[in-house]
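Open your viewer, and let us walk through this assembly one selection at a time. Each stop tells you what to pick and what you will find there.

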Amino acid sequence: MTVSRRGFLNAAALGTAGTFAADMTRFDVLRQSSWADEVKQQGKRVILLWLAGGASQLETFDPKPGRPTGGPYRAIPTSATGVHISELLPKMAARIQQTTAIVRSLNTKNADHGGGATIMETGRIKDPGIEYPDLGAICAKELGRLDSAVPDYVSMYTSTEGRRKGTSGFLGSRYAPMFLSESMQPENIRRLESISDIDHQDRLVLRDLLAKKFTQNRYSDSLGSQTQAYQRVRGLMASEKLFDIEQEPAETRAKYGPTQFGQQCLIARRLVEAGVPFVKVARAWWDSHGENFETHRELCADLDHSMSVLLDDLKDRGLLENTLVLTFGEFGRTPSINASLGRDHFAAAWSATLSGCGIRGGACFGKTDEDGQKVADGEVGAGDLFATILTALGIDPNKEYHVGARPVPLSDFGAKPIKDVLV
Amino acid sequence: MPSDPTKLQKTKDIGIPSIAMCVARVPNSGRLIFGSSDFKLHEIDVFAEKPQPMPFGGEGHQSYVTGVVLTAPNIAVSGSYDGQLIWWDVENREPTRKVKAHELWIRRLVISPDGKTIASVADDMQCKLWNADTGEMLRQFSDHKPITPHDFPSMLHAVTFSADGKFLATGDKVGHVAIWETTSGSKVGMVEAPGLYTWDSKQRRHSIGGIRALAFSPDSKLIAVGGIGQIGNIDHLDAPARIEIFDWQKGERKHELNNDKFKALVEDLAFDPSGQWLLSSGGAGDGFVTFTNVETGKPIHQDKLPMHVHQLALNESHDMLFAVGHHKIVVSEFKVSEPASTTAEPEKGGGK
Amino acid sequence: MRFLLRIHLSALCLLTTIVSAGGADLPSADLPIEQVVDQFIHQRLEAEKISPVPQADDANLLRRLMLDVAGRIPTSEEAKGFVANGSATKRVELVDRLMASPDFVWHQRNEFDRMLLPNKPNDGDFRKYLLWAVKENRSWEAMFRDMLVGDESDENRKHALTFTKSRASELDDMLNDTAIIFFGVNVTCAKCHDHPLTPDWKQHHYFGMAAFFSRTYVTKKNLLGERPFGEVKFKSKRKDDTKGEQTAKFEFLTGAVIDEPAVERTDEDKKKIEEVIKAAMQKDDAPPPEKPAFSPREKLVEVALRTEDNRFFARNIVNRVWDRFFGRGLIHPVDQLHAANAPSHPELLDWLTRDLVSHNYDLKRLIRGIVLSQTYSRSSEWSAGSQPPDAALFAVVKVKPLTPRQYSLSLLIAAHNPTQWPALDQAEQWVQRREQLENAANGWAGHFEMPGESFQVAVDEALLFSNSKRIEDEFLRDSGDRLVGHLKTLSDNQQVIDAAVQAICSRLPRDDERATLDEFLKSRTDRMIALRQLVWVLLTGPEMRFSY
C-alpha cells in the first residue's frame, strides 16, 4: 500500500493533476499551525462537573444543621476560616481555602428540569427567537483554536436520565460538543479495519482536492465549515488515546478510583492537559425526590472523592491555575423535606462552586436565610455566574456576537461578575 | 383475645411538628417515646385527651434520632446519626449517660426480649451489643461490606432479635442478611435478598432502599426481610413494597411478595405471636399497613395510613398498632370486638 | 435583547402605513409571477450597477430544481434525459411534472414539518395530516385554521392540532411560536418590560398575544380545550410605572382588539367549570371539554386573516417561501417583519403578497412562479474576482446546505445502482420507491444537523462518514443494488468515472476531474478498494452536501 500511495500522491504533485499540487500543503497546515494568531486566551481550560438532576445545596455547600430543613447531616469546618460545608464532603472541606470558591446565593427562578438546564447551560432564559450557545460552545470558540487537532468541546453524559448533549446554538456546529453518551470512547473516532491507514488518508486528500475546485468561486461560510470538519478528522482520530485511561499509570488510576464519574474526571484531566478547552462531565442523576439523604450519602461520596482528586491532580501538574473547575446542575433542592424523606426541585436559593483558574480559593459569596428558603444576601442569577466564569477565564463577558444584525453579549444583558470570588 | 386484621381501624391521628423516625412504647400504656428529626426524644401519651409531645431536655443528640428502646419502664436508650447512644431518665426526661457508639450514622436500635442487651447498627457496617444497664459494649461483629459492588458506600439499616433472644439478624443495603447467635456472636446463617438492592446502572447510576426491616417468626425459623422492589424511577419511592420470607436454616426462600397495591418502602415488620400473620408498614408519599398470611403469602388485609411510617409499636395483645412517621402519629386497632366508641374519634392532626 | 425590542416597536406602526399604501402602483396582477420577480430583481441590480451571473447550465438547474421541488437529487437517467432534451419548453414541463409528482408532495410535507414542528421531528400523526393537506393542495389559510382551531372530529384534519397541543403546556411556546411561524414577528422581549426608548412598543403587545392562548389546555386524552373564562394580568417592571397590574386585552399585532361578550358567572359556577376542566386534564375517562361560546384562538385566526389585518400572516408566508428557495428572505431574518428591517424589494413583496391572497393562499402557485424565474436559475458561481455583491440583491444563487432529509434521500439515491431505477414513465413504481426512500431516510436524518441561520457542518458528521461501519455498509457496499456494485462491472476507468460522477453529482466529469480520478484509480492496487474510495470521495464532497 505504501507503494500505491506514493504513486497517487506523486502523480498529483507532478502534474497530471498538477493544478492541485499547491493544495497538498494544506495538510501540513494542521501541524504547523500557521493560524497561530487565532490563539486566544492561551491555555485556559474549563471542566464542568454537571450535577444532573439537581444536587441538594443543603447536603453539599450550604448546610443548615439543626434547622427543621437541615436534614441529619452535620456541617464540618473547611480549610477556609468560618466556612462550613456538609460532612458528606470531607475531602473537599480540606481543599476549599486552597482551590475553591462557593456561591451560595443563586436564584435562577426556573425549577423545571428542562428550563432550568437551559438557563444553567446558556446563562439565560430560553428565547424562541435565538438559539443561544451553551457555555461549552462559548468556551470552545473563545478558548479554542480554529484548526485544533484535539476536540474543543467534549461532553460526557453516560446515564440516560435527563441526558442532554449541549448546544452550540447560533455559533454553529463547528462548536458543537463531541458527545460521549454510550461509552467512554467517542463514536467514530477509530478507523475501521476494512480500510488501511494510507487509504484513509489518501481519500481525504483526494476529497479535499475536488472540494477545493467546487468551493473556489462559491462564497459561503457553511461550505468552508465542511472543508474544515473533514480536515479535522485525522487530528481528532489521533486524540483517541486521550480517552483511554489505560494510558495512565496504575497509581493515577487508583487515585481516581473505580467509579465511572471518577474515571471520566480522569479523562477530563487528560483532555485539558492535551489542550481541550472545555470538558463537561455530567454526573446523573441527583433528582432525589425520595430518600434524599441516602442519595446524597451515595452521590456526594462520588463527587467529593472525584472532585478532590481532580483538583489535586490538576494542581500537581501545574494545570490548575489555568483550569477552571465548575460544579453545578440545573438547580438545587427544596429546603423542606417531603414525606419520602426527599427534597424536590428548587431554584430560589442554591449553590455552585468555582475552583482554580482566576478564582479566589476560600471565598464564600452570598447567604441564604436560616432555613435556606430564600437568598438573604448577594442574590445572583445564572447570567452573573456566567459573567463570573468568563471573567475568570479572561474573556470579556460583555463581548458581543452578532446574530444576523442582532448583537448578543456573551453573558446575559445586565449580568455582572461576582468580584468577591475572583482573584 | 386473638386479633382480627380485617377489622383494622384508625383510632387516633395526631399531628406532630417533626418527622418521627423511631418509637418505643411504655408497656401497658399509650405513652410513646419517639425519636425525631428535631434531634430530640419526645414523650407523648396518645390516649390523653389532647396528646402533646413533650421533648426530652439536656444535652442530647446532634442529629436525627433513629433508634429508641426502653430498657426499663423508666429508662430509654436512643441512637442517632450522630453516632451516640444516650441513656435517659424517662421521668425527668434528662440524659444520664452518653456513649460514643459508632463512627458513622446509627440507623436502628433494638433490645433483646429479656431487656438486658441492646443491639445497634450503623453505616460503619458494624453491629454492636451493649449492656443495657451499664452501657458497656459487649461485642461487635459485622458481615457487611462497606462498599457496594458498584463502589459506593453501603449502609446497614436493619437489625432484629428473635423472640427468644437467641438470634440476632442484620441486613444491609445490597440485600445481604447475616444471622448471629447472640451469646457467642458467631454467625450461624446467611440470607441473600438482592432484589432489595435497587442499583440502576443505566438511567440514573444510583440506588435507594436496601433492607430496611427484619423480623424473626415467633419460632425463629423464618426471617422476613423488607424494603422496596424493582424501581423504574429511583428518584421516587415508586415501586412495590417488597417483602421476602426465608426459612433461613434451610436456606430456602418461602415467599417473595411485591405488593402492587402500595408503592412504598417497607420500614418495619412484625409477626403476630402465633406466627399466622406478618405486619408490614412503611410508605412513600403517604403510608400503608399490610397484614400478610405467612403460610400463603397472600395479604389478609391492607390499608392506607395518612403518613409515611418510619416505625411501629404494638400493644401487648397484638391488636393495636402505634405508627410514627412523617409529621404524624397514628393509632389503629384490629380487635375482634368492635372498638370502643370513645377512642374511635380521630384527632385532627395539625402537623402536615 | 434590547436591540430586538427596538426593532419590534417600530414594526407595528410603520407596517401599517406601508402595506396599506401599497397596491396602487404595482404592476398588473395578471402578469406571470416569474416575470414580476425578474422585473423587480433586475431593476434593483441595474440601479446598483451590478451584473448578475449567467444562468446555470442544464445539469446544475435540474439538480437544484429536484432538490428544491422534489427534495432529492435526480437519478442518472433523469439527469441525462433533461440535458439531452432539446425542447425550448423543457424547464416548464419539468417543473409542472415535478409539482404534480408524489416527490413534490413528500418534500412539501417535509418542509412544512420542519417549519411547523421543528422541535418534535417525525410526529407521525402530524406528518400524516401534512401529507393529506399537500395532496389536497390545501390553502395556507385553511392549514392555519386547521392547526389553531381545528376539528377533533375530522379524521383528516384533527392531527393538525398537534401544532397547538405540542406547545400547550407552555403559554410562551404557544404564543411565541405562533407569532414567529405564522406572523414573522418575535415578541419575546416585550414579556418583561416595555422598550426603554420607544413608547410605542409596550408589554401589552406581548400580553395581548398571550391572552389569545392563555385559556388553552390539553386534556389527559390529548384533546384541545379552551376555558370559557380567564384573564392575563401583567405588571410593568419599570420603577416609574403608575398603572400597577393590568388586564391584557385580546389584542392582535396590528393593534386590533377583540371584545369578549360579557357573561355573568358566580364564583360557584366558575369553580364547577374549573373542576370539570381539572378532571379532564387528569383523568382518562373524563368527558371531553365543552367548546366555549367565545374562543380566543378562533378569534385570533379570524382577526389575523381578515383583510384589514392580514398583512402579517400573508407577508410572512411569502417571505418564508422566498427564503426557502433563495436561502434568504426578502425580509431577513424571517422572524423580523417590521419596518426598521425593510424588505430588499418592497414592491415585489407587496405584489407577491397581493397575488397570494387573491389566489386563496395557494402556495403551489407561488412556488411555481419562483422556480420559473431567471433569478432562481442563475449560477451559484461568482467568478468576477471580487467579493460577491450583497446577498439581498440576488445577483448570484446562494449555496444552501441540504436539510437532513434532502441529504439522506440524496445519499441513498446516489449510492444506489443507477441502472436499477424504475423508468421515468413508470410513475406507479416510483410512488412506491419514493415511499421506501422516505422510510430509509428516516433512519439517517437524525445524524445530520438541521440547517439554521449560520449553519456549519459538524465534525461529528465528518467522523461519521470517515469511520462508521454503517456508512460503509449502506453506501459503499459492492452488492448488485449499489453504485459500487455497478462500477465493478465496468472495466474501463473512464466509464467508471463517468458513471460515478453522473450518479452522485448529476453531471459528467470535467476533464481535470477525469484526469485526477483516473490517476487515483491507477495508483491503487486493489480495484474494489479503489472504487469504494472513489465513491466515498464524491459522496462526502460539498457538491453532495449543498444545493448550489
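The tour goes from the chains to their two interfaces, and then to a sheet. Keep in mind throughout that this is a predicted model.

**Stop 1: the chains**

Colour by chain to begin. Two pairs of chains are in contact, and chains A and C share the most contacts. Now hide chain A for a moment and look at the other two: no contact joins chain B and chain C. The closest C-alpha atoms of chains B and C lie 19 Å apart.

**Stop 2: chain A against chain C**

Bring chain A back and select the residues of chains A and C that touch each other. You should pick up 64 residues of chain A and 63 residues of chain C. The size of an interface is often given as the accessible area lost when the parts come together. Between chain A and chain C, the buried area is about 5,600 Å², and carbon and sulfur atoms give 60% of it.

Next, show the side chains. Five salt bridges are counted between chain A and chain C. For one to zoom in on, select Asp202(A) and Arg524(C): they form a salt bridge whose closest N and O atoms are 2.5 Å apart. The polar contacts between chains A and C come to 17 residue pairs, with both residues at pLDDT 80 or more.

Which elements of chain A give two or more residues to the side that touches chain C? They are α1 (2-14), α7 (197-215), α8 (221-231), α9 (233-238) and β16 (406-409) of chain A. Select α7(A) in particular, since you will want it on screen: α7(A) gives the most to this side, with 13 residues. Colouring by residue class, you will find 33 nonpolar, 16 polar and 15 charged residues on the side of chain A that touches chain C.

**Stop 3: chain A against chain B**

Turn to the other interface. Here 34 residues of chain A are in contact with 34 residues of chain B. Together the two chains bury about 3,000 Å², with 55% of it on carbon and sulfur atoms. Pick Glu294(A), Arg297(A) and Glu298(A): these supply 24% of the area that chain A buries against chain B, more than any other three residues.

How many salt bridges are counted between chain A and chain B? There are six. Glu294(A) appears again here, as its side chain meets that of Lys173(B) in a salt bridge, 2.8 Å from N to O. Between chains A and B, 23 residue pairs are in polar contact, both residues at pLDDT 80 or more.

Show the cartoon once more. On the side of chain A that touches chain B, β7 (278-284) and α12 (292-316) of chain A each supply at least two residues. The largest share, eight residues, comes from α12(A). By class, this side of chain A has 12 nonpolar, 13 polar and nine charged residues.

**Stop 4: a sheet in chain B**

Finish by isolating chain B. Look for an open sheet of four strands in the order β21-β22-β23-β24 (chain B), paired antiparallel. β21 (265-271) and β24 (299-305) of chain B stand at the edges with a single partner strand each, so one side of each has no neighbour in the sheet. On average, neighbouring strands of this sheet are turned by 15° against each other, direction ignored.

Now select β22 (residues 277-283) and β23 (residues 287-293) of chain B, which pair in the antiparallel sense over seven bridges. As a last pick, take Leu278(B), which stands opposite Thr292(B) in β23(B).

Terms used: Residues are numbered from 1 along each chain as its sequence is written. Chains are lettered from A and ligands numbered from 1 in the order in which they are written. This is a predicted model: local features need pLDDT of at least 70, side-chain atom pairs count only at pLDDT 80 or more; totals for chains, interfaces and linings use all residues. Side-chain values use heavy atoms; hydrogens and water are left out. Contact means heavy atoms within 4.5 Å. Two strands pair if DSSP finds at least two bridges between them. Axes are lines fitted to C-alpha atoms, for helices over the stretch in contact, and angles run from 0 to 180 degrees between N-to-C directions. Buried area is the accessible area (1.4 Å probe) that two parts lose on being put together, summed over both. A salt bridge is a side-chain nitrogen of Lys or Arg within 4 Å of a carboxyl oxygen of Asp or Glu. A polar contact is a pair of N or O atoms within 3.5 Å; within protein, one must be able to donate a hydrogen and the other to accept it, and residues adjacent in sequence count only if both atoms are side-chain atoms. Ala, Val, Leu, Ile, Met, Phe, Trp, Tyr, Cys and Pro count as nonpolar, Asp, Glu, Lys and Arg as charged, and the others, Gly among them, as polar.
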